[in-house]
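User: Please take one part of this structure and look at it closely. Start from a single residue and work outward, in plain terms.

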Amino acid sequence: SPTSTSVTINTIKWQLTPTNAVTYQLYLLEDSQADDQRSESDIIFDSGSAQASGSIYIQVAGGSTAKLPIQAKLATAGTIWYLVDWSAAPGDTTGYVKVFGEVLG
């Protein structure tokens, strides 16, 4: 919902395909900050390092290292920010990030 700030995230699907052969780490954030330490405090999801170019990833609730579900308090209603940490210069990148869950308020 574009007016919600309190959500539970149950599933995340993503695929990023840079033109250069590099790996990456995807972060989802509650807010966008210019300060690294403040950005780190806003992380609600961390994909883990060395995500492969062009691979399709799906993170769901449960699993041996459960990352989901997670509750988030969004700073801007209806907006989940993302950050990609590349292992080297990615070049032009296509892809998507889809987030599924429930509105809490």
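Analyst: **Ile-9 and its surroundings**

Ile-9 touches Ile-44, Leu-68, Pro-69, Ile-70, Ile-80, Val-99, Phe-100 and Gly-101, leaving aside residues up to four places away in sequence; a contact means heavy atoms within 4.5 Å. The model is predicted, so local features need pLDDT of at least 70 and side-chain atom pairs pLDDT 80 or more, while totals for chains, interfaces and linings use all residues. Numbering runs from 1 along each chain as its sequence is written, and side-chain values use heavy atoms, without hydrogens or water.

Ile-9 belongs to the largest nonpolar core, which has 14 residues. A core is a set of buried Ala, Val, Leu, Ile, Met, Phe, Trp, Tyr and Cys residues joined through side-chain atoms within 4.5 Å. Ile-9, Ile-12, Trp-14, Tyr-24 and Phe-45 are the members that touch the most others. Three strands, S1 (6-18), S2 (24-29) and S3 (43-46), each give at least two residues to this core; strands are DSSP runs of E, at least two residues, numbered from the N terminus. S1 supplies the largest share, five residues. In soluble globular proteins, nonpolar side chains tend to be buried together.

One of the contacts of Ile-9 is Pro-69. This proline sits in the loop between S4 and strand S5 (70-73). The peptide bond leading from Leu-68 to Pro-69 is cis, with omega near 0 degrees. Most residues other than glycine have a negative phi, and most peptide bonds are trans.

Farther along S1 is Gln-15. Gln-15 touches Gly-54, Ser-55, Ile-56, Thr-94, Gly-95 and Tyr-96, not counting residues up to four places away in sequence. With Gly-54 there is a specific approach: the side chain of Gln-15 reaches the backbone oxygen of Gly-54 at 2.6 Å. Ala-75 lies 60 residues from Gln-15 along the chain, and their C-alpha atoms are separated by 25 Å.

Two core members, Trp-14 and Tyr-24, also meet Gln-51, a residue in contact with Val-22, Thr-23 and Tyr-57 as well, again leaving aside residues up to four places away in sequence. Gln-51 is in the loop between S3 and S4. Gln-51 counts as buried because its relative accessibility is 8%; buried means under 20% relative accessible area, exposed over 50%, partly exposed in between (1.4 Å probe, protein chains only).

Ala-50 shares this loop between S3 and S4. Ala-50 is exposed, because its relative accessible area is 52%. The phi of Ala-50 is near 60 degrees, a positive value in a residue other than glycine.

Gly-48 is also placed in the loop between S3 and S4. Tyr-24, Gln-25 and Lys-67 are touched by Gly-48, not counting residues up to four places away in sequence. Asn-20 and Gly-48 are 28 residues apart in sequence, and their C-alpha atoms are 20 Å apart in space.

After the loop comes S4, residues 57-60, and Ile-58 lies in this strand. Ile-58 is exposed because its relative accessible area is 54%.

The segment before S1 holds Ser-4. Ser-4 counts as buried because its relative accessibility is 4%. Beyond residues up to four places away in sequence, Ser-4 touches Leu-74, Ala-77, Gly-78, Val-103 and Gly-105.

Definitions and conventions. Helices (H or I, at least four residues) and strands (E, at least two) are DSSP runs, numbered from the N terminus. A polar contact is a pair of N or O atoms within 3.5 Å; within protein, one must be able to donate a hydrogen and the other to accept it, and residues adjacent in sequence count only if both atoms are side-chain atoms.
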